[in-house]
Amino acid sequence: MSVERESSRTIAQVVSCLDGYDPDALPVDKARAAIRACLMPVADVESVLIRQSLGRVLAQDIVPAINVPGHDNSAMDGWAVSSKDVSFDREIQLLEIGKALAGKPFHGTIGAGECVRVMTGAVMPQGADTVVVQELCRVDADRISIPPGQKAGQNVRAAGEDLKAGVPVLRAGQAVRAAELGLIASLGIAEVSVKRRLRVAFFSTGDELASIGTPLQEGQVYDSNRYTLHGMLQGLGVEIIDMGVVRDDPAKLEAAFREAAARADAIITTGGVSVGEADFVKQLMAKLGEVLFWKIAMRPGRPMAFGKIGSGSGSAFLFGLPGNPVAVMVTFHQFVRDALLVLGGRTDAVEIPLLQAISASPMRKVPGRTEYQRGILFRDGAEWKVRATGQQGSGVLRSMSEANCFIVLEHERGRVEAGELVGVQLMDALA
Ligand code: AMP
Ligand code: MG
């Protein structure tokens with residue numbers, strides 16, 4: 001079994017408990033909630049060298065065994081002094097008794113009337129609690145004149161100011177990015193426990209699809225969905241299993257679904273869920289597991305299937321996306337991306353942030369469905385504005401390529417006038 005725990009309830013039981021669940025007119029947020037309620041994250045973990053943990057999901061909390069930094073140290077080049085010595089209202093003179101560099105501490109103790117030359121990162125000498133920056137001081141051999149106006153404790157970085165021994169700094173379920181990699185390294189940790197990479201299988205279905213490298217027959221189109229999926233999945237750090245094109249043929253489809261369920265944790269298919277095609281896929285799904293067929297109140301991307309299928313040696317969550325190339329990308333971003341992150345063990349916020357921008361032009365919209373227009377976010381003086389790319393048809397993949405954001409027009413909203421605020425999701429944030 002490739003998932004953590006088998007729910008005792010069926011998917012149908014889980015989703016039927018959700019408020020306002022209607023498979024034939026399912027609002028986007030309900031579909032998202034229905035998917036989320038059914039997901040069971042992978043349980044397997046592995047230990048990897050820290051560099052290999054980049055882009056992975058932590059399977060352990062990181063609790064520092066040491067303080068970072070380990071000692072109070074100077075934040076500036078200057079002189080370490082005792083705040084008891086430096087006067088706040090007049091200039092004073094101190095005797096320089098030594099020097100401390102980063103990695104080369106001064107081993108004595110500062111007494112009354114004394115100071116130590118320090119460089120940034122140097123351990124604070126005993127007896128000193130304050131650093132006066134060098135630009136403010138006058139130097140006459142070993143006599144250092146300190147001007148008035150110093151504050152006790154200034155320019156000193158406290159031990160443990162970054163990380164404190166015993167206080168957890170990262171939690172299991174967090175993604176490791178560049179900052180986390182550095183943070184783990186700052187603790188001297190060489191190996192961490194991470195979740196096993198999620199395995200995601202996908203294939204395109206359709207009798208009209210030709211694969212790259214074969215000549216196009218009349219009425220055929222090249223399969224582009226497997227390439228957009230490849231690109232989108234790559235950004236998520238999952239293990240990708242590309243199973244090619246599968247014809248609309250029950251025996252071939254069944255074999256493909258069985259193989260995918262045995263090899264992967266999640267399966268993504270495109271095509272075959274629209275009204276004309278869904279019937280035989282439905283029969284097949286009923287045989288292999290439990291899959292729900294939804295009509296989602298959204299545009300593009302109305303039909304979608306979600307469920308779980310199994311074959312003797314394993315089971316996998318299934319995301320049956322529509323065939324239209326733009327609908328594939330939109331439904332992937334709105335439903336599949338977050339679901340895969342959760343399946344991969346992420347427990348921190350995985351949603352794509354929804355920002356606000358000013359609509360530069362009117363947009364047609366009817367209430368009762370969420371629309372994802374492909375948009376261009378641009379700067380106009382002090383303001384960020386957004387306009388839709390040209391043709392918005394769900395077969396016009398160019399609209400995705402020209403866009404740098406989705407314009408999210410929410411369910412209840414009607415026509416948008418120029419100057420109104422609209423929600424946008426940046427595509428660069430859509431890893
Ligand atoms: P379907 O959802 O299977 O009815 O497909 C809807 C539309 O998307 C049809 O025009 C298909 O030709 C097109 N389409 C389906 N799958 C792909 C694919 N893998 N690559 C490009 N276009 C596709
Ligand atoms: Mg089709």
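In which sense do E7 and E8 pair, and over how many bridges? In this predicted model, the two strands pair in the antiparallel sense over 3 bridges. Within this pairing, Asp140 has Arg143 of E8 as its bridge partner. Ala141 lies in the loop between strand E7 (138-140) and strand E8 (143-146), and its phi is near 55°, a positive value in a residue other than glycine. Most residues other than glycine have a negative phi, and most peptide bonds are trans.

**The sheet containing E7 and E8**

E7 and E8 belong to an open sheet of 6 strands in the order E6-E3-E5-E4-E8-E7, where the pairing is mixed. Its edge strands are strand E6 (130-133) and E7, each of which pairs on one side only. On average, neighbouring strands of this sheet are turned by 40° against each other, direction ignored.

**The sheet from E14 to E16**

Another open sheet, also with mixed pairing, is formed by 6 strands in the order E14-E11-E15-E19-E18-E16. Strand E14 (239-246) and strand E16 (289-295) stand at its edges with a single partner strand each, so one side of each has no neighbour in the sheet. The average turn between neighbouring strands is 15° here, again with direction ignored. Helix H4 (residues 225-234) packs on this sheet and touches strand E11 (199-205), E14 and strand E15 (266-270). The direction of H4 makes about 165° with that of E11.

At the E16 edge, 7 bridges connect E16 to strand E18 (residues 303-311), and the two run antiparallel. Gly289 has Ile309 as its bridge partner in E18.

**Strands E20, E21 and E22**

Strand E22 (residues 383-388) is joined to strand E20 (residues 355-359) by 2 bridges, with the strands running parallel. In this pairing Ser359 stands opposite Val386 of E22. Strand E21 (residues 370-380) is joined to E22 by 6 bridges and runs antiparallel to it; the bridge partner of Ile376 in E22 is Arg387. E21 and E22 form a hairpin with 2 residues between them, and Gly381 in the turn has a positive phi of about 65°.

**Cis peptide bonds**

Two proline residues merit a note on backbone geometry. The peptide bond from Val68 to Pro69 is cis, with omega near -10°. Pro69 is found in the loop between strand E1 (45-49) and strand E2 (73-74). A cis peptide bond also joins Arg299 and Pro300, with omega about -5°. Pro300 is located in the loop between strand E17 (298-299) and E18.

**Surroundings of ligand 1**

Which residues come nearest to ligand 1? Of the 15 residues around the ligand, these are Glu208, Asp223, Ser224, Glu277 and Gly323. By class, the shell comprises 3 nonpolar, 9 polar and 3 charged residues. Contacts between ligand oxygen atoms and the protein backbone are listed below.

| Ligand atom | Protein partner | Distance |
|---|---|---|
| Oxygen atom of ligand 1 | Polar backbone atom of Gly323 | 2.9 Å |
| Oxygen atom of ligand 1 | Polar backbone atom of Asn324 | 3.3 Å |
| Oxygen atom of ligand 1 | Polar backbone atom of Gly272 | 3.4 Å |

The protein covers 78% of the 490 Å² of accessible area that ligand 1 has on its own. Gly323 is thus named twice: among the residues that come nearest to the ligand, and as a backbone partner at 2.9 Å from a ligand oxygen atom.

Key. Residues numbered from 1 in each chain as written. Chains lettered and ligands numbered in written order. Predicted model: local features only at pLDDT ≥ 70, side-chain atom pairs only at ≥ 80, totals over all residues. Heavy atoms only, no water. Near = heavy atom within 4 Å. Polar contact = N/O pair within 3.5 Å; in protein donor to acceptor, adjacent residues only side chain to side chain. Areas by Shrake-Rupley, 256 points an atom, 1.4 Å probe, with all protein chains shown as cover. Nonpolar A, V, L, I, M, F, W, Y, C, P; charged D, E, K, R; others polar. Pairing = 2+ DSSP bridges. Helix = DSSP H or I, 4+ residues; strand = E, 2+ residues; numbered from the N terminus. Axes fitted to C-alpha atoms, helices over the stretch in contact; angles between N-to-C directions. Contact = heavy atoms within 4.5 Å.
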